[in-house]
Amino acid sequence: MCTPGTSRAADRSEAGRSIRASLVPVVNSQGRGRTQRVEPKLALIQVELPFAEDWQPTPDDHMVIRAPGMDPLKIPLASECATIYDVSVWEWSGSAYDEGSEAAQWFSTFFGNPTRLVRFKEESETRLTDPEYARGYKTMFSDGFPFLITSQGSLDALNEILKEPIPIKSLQTKVPTIDQDTGIPSPTEPTETLQTYRSGEVLLSGHKNKRQVYFGQNAVCKECLSANGQGRMIKVGDPVYVMRSFSSSNEVPA
């Protein structure tokens, strides 16, 4: 996936996720999705979107993609695309829209091997979230759930332990951190440090994945649409309120 440093004034929960999370994935010549875990240079890609209050895509709207050493790439947000098949991202496989030869050439040049940009085909494809945690919700090309939430306090606590503090945009807990400004991965951190106090072995007695790191919380939106059917807005700087808390994972309702 591309860098989380996406430039936008606001993100409409449904329409925004439909464009941002759908257009981000790039796939290799076999149709397999690329991520920073295997292609750290994805961290260097910046995305600009035209979202604003009551925004709707028009033929003149574009997503602009930038990367070091590359001319800006403009992707129309309201154009018809061809369908490609046998696309796989994470555990999901199916068909997707192909964003065209210009985008494919741009990404292939940047990575140095055949690559295409794809978009989730909502008209015919469905990807459900894990029913064990969020039954009845859907996502697209994101990592299992549409949202991942963490707090500044959690990051501050981690940085107090690390020898070299990291920004939230660089944090990846399943693999070593990738510097979002350079695209260079750290050999071991913050995974090694997090395993000392945020692993399955420490947090969950008898958990089968003892070395799995837990940092942040996957989430879905229970009320993605407003009363008039428009997507709700999530903006940089919006306050977040805790409506209910639990002292342990055992107290959380199924």
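Here are four short exercises, each with a worked solution, on the predicted model shown above.

**Exercise 1. Work out in which order strands 3, 4 and 5 are arranged in their sheet, and which of them stand at the edges.**

Step 1. Begin with the order: these 3 strands form an open sheet, arranged 3-4-5, with antiparallel pairing.

Step 2. Now look for the edges. Strand 3 (46–48) and strand 5 (73–76) each have a single partner strand, so one side of each is left without a neighbour in the sheet.

Step 3. Add the twist: on average, neighbouring strands of this sheet are turned by 25° against each other, direction ignored.

Step 4. Zoom in on one pair. Strand 3 is joined to strand 4 (residues 62–66) by 3 bridges, and Val 47 has Ile 65 in strand 4 as its bridge partner.

**Exercise 2. Find the residues with the most contacts inside the largest nonpolar core, and the element that gives the most to this core.**

Step 1. Place the helix: helix 2 (residues 101–111) lies across strand 4 and strand 5, and runs at about 145° to strand 5.

Step 2. Turn to the core itself. The largest nonpolar core has 18 residues, and Ile 45, Ile 65 and Phe 107 are those with the most contacts inside it.

Step 3. Ask who contributes. At least two residues each come from strand 4, strand 5 and helix 2, and helix 2 gives the most, with 5 residues.

Step 4. Follow one residue outwards. Beyond its neighbours within four places in sequence, Phe 107 has contacts with Val 26, Ile 45, Ile 65, Leu 73, Thr 115 and Leu 117.

Step 5. Another core, of 9 residues, lies apart from the largest one; Val 27, Val 89, Trp 92 and Val 118 are among its members.

**Exercise 3. Describe how strand 7 pairs with strand 6 and strand 8, and decide whether strand 7 is largely enclosed or not.**

Step 1. Take strand 6 (82–89) and strand 7 (92–98). They pair in the antiparallel sense over 6 bridges, and one example is Ser 88, whose bridge partner in strand 7 is Ser 93.

Step 2. Look at the turn. The two strands form a hairpin with 2 residues between them, and Trp 90 in this turn has a positive phi of about 55°.

Step 3. Move to the other pairing: strand 7 and strand 8 (residues 115–120) are antiparallel too, over 3 bridges. Here Tyr 97 has Arg 119 in strand 8 as its bridge partner.

Step 4. Check burial. In strand 7, 6 of the 7 residues are buried, so this strand is largely enclosed by the rest of the structure.

**Exercise 4. Classify Glu 91 and Ser 199 as buried or exposed, and find a polar partner for each side chain.**

Step 1. Locate Glu 91 in the loop between strand 6 and strand 7. Its relative accessible area is 59%. Exposed means over 50%, so Glu 91 is exposed.

Step 2. Find the partner of Glu 91. Its side chain makes a polar contact (3.1 Å) with the side chain of Arg 127. The two residues are 36 residues apart along the chain, with 9.8 Å between their C-alpha atoms.

Step 3. Locate Ser 199 in the loop between helix 4 (191–195) and helix 5 (200–203). With a relative accessible area of 2%, Ser 199 is buried, as the limit for that is under 20%.

Step 4. Find the partner of Ser 199. A polar atom of its side chain lies 3.1 Å from the backbone oxygen of Gln 195.

Step 5. Finish with the surroundings: not counting residues up to four places away in sequence, Ser 199 touches Leu 194, Leu 204, Lys 210, Gln 212, Val 213 and Tyr 214.

Methods. Residues are numbered from 1 along each chain as its sequence is written. This is a predicted model: local features need pLDDT of at least 70, side-chain atom pairs count only at pLDDT 80 or more; totals for chains, interfaces and linings use all residues. Side-chain values use heavy atoms; hydrogens and water are left out. Two strands pair if DSSP finds at least two bridges between them. Helices (H or I, at least four residues) and strands (E, at least two) are DSSP runs, numbered from the N terminus. Axes are lines fitted to C-alpha atoms, for helices over the stretch in contact, and angles run from 0 to 180 degrees between N-to-C directions. Contact means heavy atoms within 4.5 Å. A nonpolar core is a set of buried Ala, Val, Leu, Ile, Met, Phe, Trp, Tyr and Cys residues joined through side-chain atoms within 4.5 Å. Buried means under 20% relative accessible area, exposed over 50%, partly exposed in between (1.4 Å probe, protein chains only). A polar contact is a pair of N or O atoms within 3.5 Å; within protein, one must be able to donate a hydrogen and the other to accept it, and residues adjacent in sequence count only if both atoms are side-chain atoms.
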